[in-house]
Amino acid sequence: MAGVSALLSARGLRVAGPGGAALVDGVDLDLEAGEVTALVGESGAGKTLTGLALLGLVPPPARMEAGAVTLGGVDLGALAPRERRRVRGAGIALVPQDPAAALDPVARVGAQLAEVLRAHAPLGRREARIAASAALAEVGVDRDDHPHRLSGGQRQRALIAMALAPRPRVLVADEPTASLDPSVQVAVLDLIDARRREEGLAVLLISHDLGAVARVAGRVAVMYAGRIVEEGPARAVLSAPRHPYTAGLLALAPRLGAPRVRVPIPGAPPQPGRLPPGCAFAPRCPAAREECRAARPELRAAGPARRVACVLTDREAAALGRGPS
Amino acid sequence: MRAVSAYIGRRLAIALPLLWVVSLVSYLLLYRAADPVARLRAIPGVRPEDVARLVEQQGLDAPWYEGYWSWLSGFVRGDWGVSATNGGAGARETILDALPATIELMGLALLVSAVLAVAFGVVSATRPGSGTDLTLTGVAYAGFATPTFLAGVLLQLGAIWMRDHGWAIVPFAIGTVLLLAGLARLRRGGAATRAVTAAGAVLILLAVVLWDRLGGDGTTILYTGQRFSFGSEGDLLSLNHLQHLVLPVLTLSLVNIAVWSRFQRAVLIDELRSEHVAAARAHGLSERRVVLGHALRNALAPVVTLVALDLGAMFSGAVVTETVFSWPGMGRLLRDAAVDRDINVAMGIVMIGAVAVIVANLIADLAYAALDPRVPLGGGRP
């Protein structure tokens, strides 16, 4: 926990699905200026919904049931809808999940970017168009193209340019590299990272890709079944995971020199609303014991700036990381 | 640009054989329908030798292929034959006399129904399941279920009844309440409030129009088609003329508003769920820009296509509407020509209708390509 200095902090985020089942349950997040925080976990863990909850855009029929988000000390929940809208884009920007679908197919990218600029600054049409062309030229996209004429990488870069154009303080990047070639992935991450270094942008990087996370993230939060199960400095979490789930994810990540056969985590994540009574990961956990099934472990401090929701001690977790063989 | 004109040329070239088939089928149907002079023979006092002269003059005793050939060869030369009913005037002149009235009626009805259908569709789609949406849905189903002739007659009867009872006060009262309620909330209210205000204003206007007729002599003004010609001095935009238009245009628009607004609602609801609309919200665009600038712009293309495809059906509606309101247009002329076996006039109108439908479809495809850059003209690469 970074404490009071965080640029954006979320407390007790809770998002419920149509049946009332918790999809995101009691998530706390702190994003520091100039730092990339990675949010990792399997599909369905609630990563995207957490990101959207920060923007106040939980898509129906899901809805945000509880939680507070403050940006630079301002409680976003207390803002009038119009002011809340202005925070989107200019305060907290989003790079959406699917670049193929996130651009308006019938409008030129330049016009779309200019529109975003004009929504946040008192620019004339001409000024906005010139600024939009420049922002797109920077990422190698022609403003007069329609989205369907762009490659996947160009679309993603155009979306990042759109998100960064109003100079946001926080960027939520939802799987920005998921559908891209490896070489393009690096370019896209560098684009975001440059803004972080130069302007102190705070980034929430939602990702499956632990390689990308290791490359750019300062902190890592691991989500499982709607909760954060481990959180801490990226280097520490990725080199010495304290939660068996993090260890399982790391064992799956491709790595040079690692054995080609990777052991998947057995079983599947639980359905929302059908969580086991104790630790949600217990049914799949290699180190689960009786107490894990009895009560859910809360997040607790575990070393410098680290928290984990697991009953295992340091030593037990370290042994787990080395594996039984 | 050249690709577009080449495309248009290709489409028009394909249209020619289509028009030929339309003419052949229509001719056969009209020719086989009945003996063209049976009605004449039945009229007492019509001399058989006059009938024989008509048969001779119009070539009615020839077999169908000879009749068709002479009609076709005349038609392409611009000679559409003689009208059997209009005092021996040319069929083409008879039709062209009636054409402006139909263009006026259909054009206005097209405008009114397209604008209202899109507006109702947007209002419904942005608040699905709300009272406003359910009301519009109910009205749309009622409009869809009411045949055009019934709607026309009911509107006429309503207008007559209100005139006789001085009940222009009814729309006036409702309109005033709506207008005041709307104005009171206009500053804070959304689109629904504006719609209520507008509806109130329209009702008051309607009441004033009705009232204007109460003491006057032109008591049939709302429900008959005493139309002014295009040429006569400035009459086209007179209050009197516009009053004549109100009910026929409304009658012809009802079904279209019902169907198109449902379609607009469905397409727009889908579009509002799309990723790029969610992304536009995340970029901080106002809801108005998101709905009208992005979602509706995407949702218009399919509606434009439906509107163009429906133009043919709209002409059938015009035949009924013009008949009910004695509107002196091509639709009523077609109905009369069909009843009177005036084959040259009927054929001319059918051909004009066919050309209009083909052109409307072409315009729809061009509009679709213009509205959606992903759609290539004629199946090629964009």
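# Working through a two-chain model

Chain A holds an open sheet of eight strands, in mixed pairing, running in the order β6-β7-β8-β3-β9-β10-β12-β11. Keep in mind that this is a predicted model. Grab the structure and work through the exercises below.

## Exercise 1: the edges of the sheet

Task: find which strands of chain A stand at the edges of the sheet, and say what that leaves without a neighbour.

Solution. Start from the strand order, which begins with β6 and ends with β11 in chain A. β6 (92–95) and β11 (300–301) of chain A each have a single partner strand, so one side of each has no neighbour in the sheet. Next, look at what packs on the sheet: helix α5 (residues 152–164) of chain A touches β6 and β7 (170–174) of chain A. The direction of this helix makes about 175° with that of β6(A).

## Exercise 2: a strand pair

Task: work out in which sense β9 and β10 of chain A pair, parallel or antiparallel, and over how many bridges.

Solution. A quick reminder first: strands of a sheet pair through backbone hydrogen bonds, and they can do so parallel or antiparallel. Now take β9 (residues 219–224) and β10 (residues 227–233) of chain A: they pair in the antiparallel sense, over six bridges. To pin down one position, pick M223(A), whose bridge partner in β10(A) is I228(A).

## Exercise 3: a covered helix

Task: say how many residues of helix α9 of chain A are buried, and name them.

Solution. Helix α9 spans residues 244–252 of chain A, and seven of its nine residues are buried, so call this helix mostly covered. Reading along α9(A), the buried ones are P244(A), Y245(A), T246(A), A247(A), G248(A), L249(A) and L250(A).

## Exercise 4: where chain A meets chain B

Task: describe the interface of chain A and chain B, from its area down to its salt bridge.

Solution. Go from the whole to the parts.

1. Contacts: 26 residues of chain A are in contact with 19 residues of chain B.
2. Area: about 1900 Å² is buried between chain A and chain B, with carbon and sulfur atoms giving 63% of that.
3. Who loses the most in chain A? P105(A), V106(A) and E115(A) lose the most area to chain B, and together they make up 32% of what that side buries.
4. Charges: the count between chain A and chain B is one salt bridge. E115(A) forms a salt bridge with R289(B), with the closest N and O atoms 2.6 Å apart.
5. Polar contacts: nine residue pairs turn up across the interface of chain A and chain B, with both residues at pLDDT 80 or more.
6. Elements: α2 (81–90), β6, α3 (109–120) and α5 of chain A each supply at least two residues of the side that touches chain B. α3(A) gives the most, with four residues.

## Exercise 5: salt bridges, buried or not?

Task: for the pairs R196(A)–D193(A), E291(A)–R289(A) and D336(B)–R335(B), give the N to O distance and sort the residues by burial.

Solution. The cut-off you need is that buried means under 20% relative accessible area, with partly exposed running from there up to 50%.

- R196(A) and D193(A) form a salt bridge, their closest N and O atoms being 2.7 Å apart. They both lie in helix α6 (residues 182–199) of chain A, three residues apart, about one turn of the helix. R196(A) is at 19% relative accessibility, so this residue counts as buried. D193(A) is buried too, at 13%.
- E291(A) and R289(A) meet in a salt bridge at 2.9 Å, N to O. E291(A) counts as partly exposed at 41%, and R289(A) is partly exposed at 27%.
- D336(B) forms a salt bridge with R335(B) at 2.8 Å between the closest N and O atoms. D336(B) is partly exposed at 28%, and R335(B) counts as partly exposed at 38%.

To round this off, the search of the whole structure finds 26 salt bridges over all chains. R14(A), D25(A), R63(A), E65(A) and R227(A) are linked in a network of them.

## Exercise 6: a threonine in chain B

Task: decide whether T102(B) is buried or exposed, and list what T102(B) touches beyond four places in sequence.

Solution. Begin with the chain: the secondary structure of chain B comes to 15 helices and zero strands. Of its 382 residues, 39% count as buried. T102(B) sits in helix α5 (residues 91–126) of chain B. At 2% relative accessibility, T102(B) counts as buried. Its contacts are G107(B), F315(B), E322(B), W327(B), G329(B), M330(B) and G331(B), leaving out residues up to four places away in sequence.

Key. Residues are numbered from 1 along each chain as its sequence is written. Chains are lettered from A and ligands numbered from 1 in the order in which they are written. This is a predicted model: local features need pLDDT of at least 70, side-chain atom pairs count only at pLDDT 80 or more; totals for chains, interfaces and linings use all residues. Side-chain values use heavy atoms; hydrogens and water are left out. Two strands pair if DSSP finds at least two bridges between them. Contact means heavy atoms within 4.5 Å. Axes are lines fitted to C-alpha atoms, for helices over the stretch in contact, and angles run from 0 to 180 degrees between N-to-C directions. Buried means under 20% relative accessible area, exposed over 50%, partly exposed in between (1.4 Å probe, protein chains only). Buried area is the accessible area (1.4 Å probe) that two parts lose on being put together, summed over both. A salt bridge is a side-chain nitrogen of Lys or Arg within 4 Å of a carboxyl oxygen of Asp or Glu. A polar contact is a pair of N or O atoms within 3.5 Å; within protein, one must be able to donate a hydrogen and the other to accept it, and residues adjacent in sequence count only if both atoms are side-chain atoms.
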